[in-house]
Amino acid sequence: MGFVKEFKEFAVKGSVMDLAVGVIIGGAFGKIIDSVVKDLIMPLISAVIGSVDFSNLYVVLKGEVGSNLALEEARKIPDTVIFAYGNFITVAINFLLLALAVFMLVKGINAMKRKQEAEPVAPPAPTKEETLLTEIRDLLKTK
């Protein structure tokens, strides 16, 4: 039973639970960033560059693929080797935006911590015993 008890203590520790919560929130945050890229940034890039769909950018290394064929359709053609760099561009943009968002979040938290640390902490008021001992000391000094 020692192993089970030890595992239970490990699994219920605060850091493990914090990690689990972080992974869950990170997954949801990744979906938000993915939506920002697909729904907000890519349309702006397409408006500037032209109607570009990065997910369908690829180079055929081996085999015959018709022009203007979507990537998924091109992958279904037997005996073809396709270098699909468009999806990588989208994932790289997602990563950069996610890294920027996390950086801004950490920077904000660090600024709040520094502000909190900068506030001087008032010394605690003396206890009744300390006050009484101080009075006794002062009385002894005067005699």
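Is Tyr85 buried, partly exposed or exposed in this model? I would like to begin with that residue, and I should say at once that the model we are looking at is a predicted one. Tyr85 has a relative accessibility of 30%, and it therefore counts as partly exposed, since the class called partly exposed runs between the buried limit of under 20% and the exposed limit of over 50%.

Tyr85 also brings us to the surface, where it joins Val59, Leu61, Val81 and Phe83 in making a nonpolar patch of about 440 Å². If you look for the elements that contribute two or more residues to this nonpolar patch, you will find strand 1, which covers 59-62, and strand 2, which covers 81-83. Phe83, to take one member of the patch, belongs to strand 2.

Let me stay with Phe83 for a moment and turn to the aromatic rings. When the whole structure is searched, one aromatic pair is found, and the partners in this pair are Phe83 and Tyr85. Two quantities are used to describe a pair of aromatic rings, namely the distance of the centres and the angle of the planes. For Phe83 and Tyr85 the centres are 6.3 Å apart and the planes make an angle of 35°, and the pair is described as tilted.

From the strands I move to the loops, and to the backbone. Which sign does phi have at Asn68? As background, most residues other than glycine have a negative phi. Asn68, although it is not a glycine, has a positive phi of about 60°, and you can find Asn68 in the loop between strand 1 and helix 3, the helix that covers 71-75. With a relative accessible area of 82%, Asn68 is exposed.

Asp79, again not a glycine, has a positive phi of about 60°. This residue sits in the loop between helix 3 and strand 2, and because its relative accessible area is 69%, Asp79 is classed as exposed.

Where, then, does Thr80 lie? Thr80 is placed in the loop between helix 3 and strand 2, but Thr80 is buried, because its relative accessibility is 18% and the limit for that class is under 20%. The side chain of Thr80 reaches the backbone oxygen of Ile77 at a distance of 2.9 Å. Leaving aside residues up to four places away in sequence, Thr80 touches Lys62, Gly63, Glu64, Val65 and Ala74.

Next, the charged side chains, and here I would ask how many salt bridges are counted. The count comes to three, and I will take them in turn.

In the salt bridge between Arg75 and Glu72, the closest N and O atoms are 3.6 Å apart. These two residues are three residues apart in helix 3, and so they are separated by about one helical turn. Arg75 itself is partly exposed, at 47% relative accessibility.

Lys76 forms a salt bridge with Glu73, with 3.6 Å between the closest N and O atoms. For this pair the two ends fall into separate classes of accessibility, as Lys76 counts as exposed at 61%, whereas Glu73 counts as partly exposed at 41%.

The side chains of Asp138 and Arg137 also meet in a salt bridge, at 3.3 Å from N to O. Asp138 is partly exposed, with 37% relative accessibility, and Arg137 is likewise partly exposed, with 44%.

Before I finish, I would like to show two separations that relate sequence to space. Ala99 is located in helix 4, which spans residues 85-118, and Ala99 is partly exposed at a relative accessible area of 34%. Ala99 and Ile33 are 66 residues apart in sequence, while their C-alpha atoms are 10.0 Å apart in space.

The other separation concerns Lys143, a residue in the segment after helix 5, where helix 5 covers 128-142. Lys143 counts as exposed, at 82% relative accessibility. Along the chain, Lys143 and Val121 are 22 residues apart, and 37 Å separates their C-alpha atoms.

To return to where I started, Tyr85 is the partly exposed residue that takes part in the nonpolar patch and pairs with Phe83 in a tilted arrangement. Thank you for listening.

Key. Residues are numbered from 1 along each chain as its sequence is written. This is a predicted model: local features need pLDDT of at least 70, side-chain atom pairs count only at pLDDT 80 or more; totals for chains, interfaces and linings use all residues. Side-chain values use heavy atoms; hydrogens and water are left out. Patches are made of residues with over 30% relative accessible area and no salt bridge: like charges are joined within 9 Å, nonpolar side chains (Val, Leu, Ile, Met, Phe, Trp, Tyr) within 5 Å. Accessible areas come from the Shrake-Rupley method with a 1.4 Å probe; for residues, only the protein chains shown count as cover. A salt bridge is a side-chain nitrogen of Lys or Arg within 4 Å of a carboxyl oxygen of Asp or Glu. Helices (H or I, at least four residues) and strands (E, at least two) are DSSP runs, numbered from the N terminus. Rings of Phe, Tyr and Trp (its six-membered ring) pair if their centres lie within 6.5 Å; planes under 30 degrees apart count as stacked, over 60 as edge-to-face and the rest as tilted. Buried means under 20% relative accessible area, exposed over 50%, partly exposed in between (1.4 Å probe, protein chains only). A polar contact is a pair of N or O atoms within 3.5 Å; within protein, one must be able to donate a hydrogen and the other to accept it, and residues adjacent in sequence count only if both atoms are side-chain atoms. Contact means heavy atoms within 4.5 Å.
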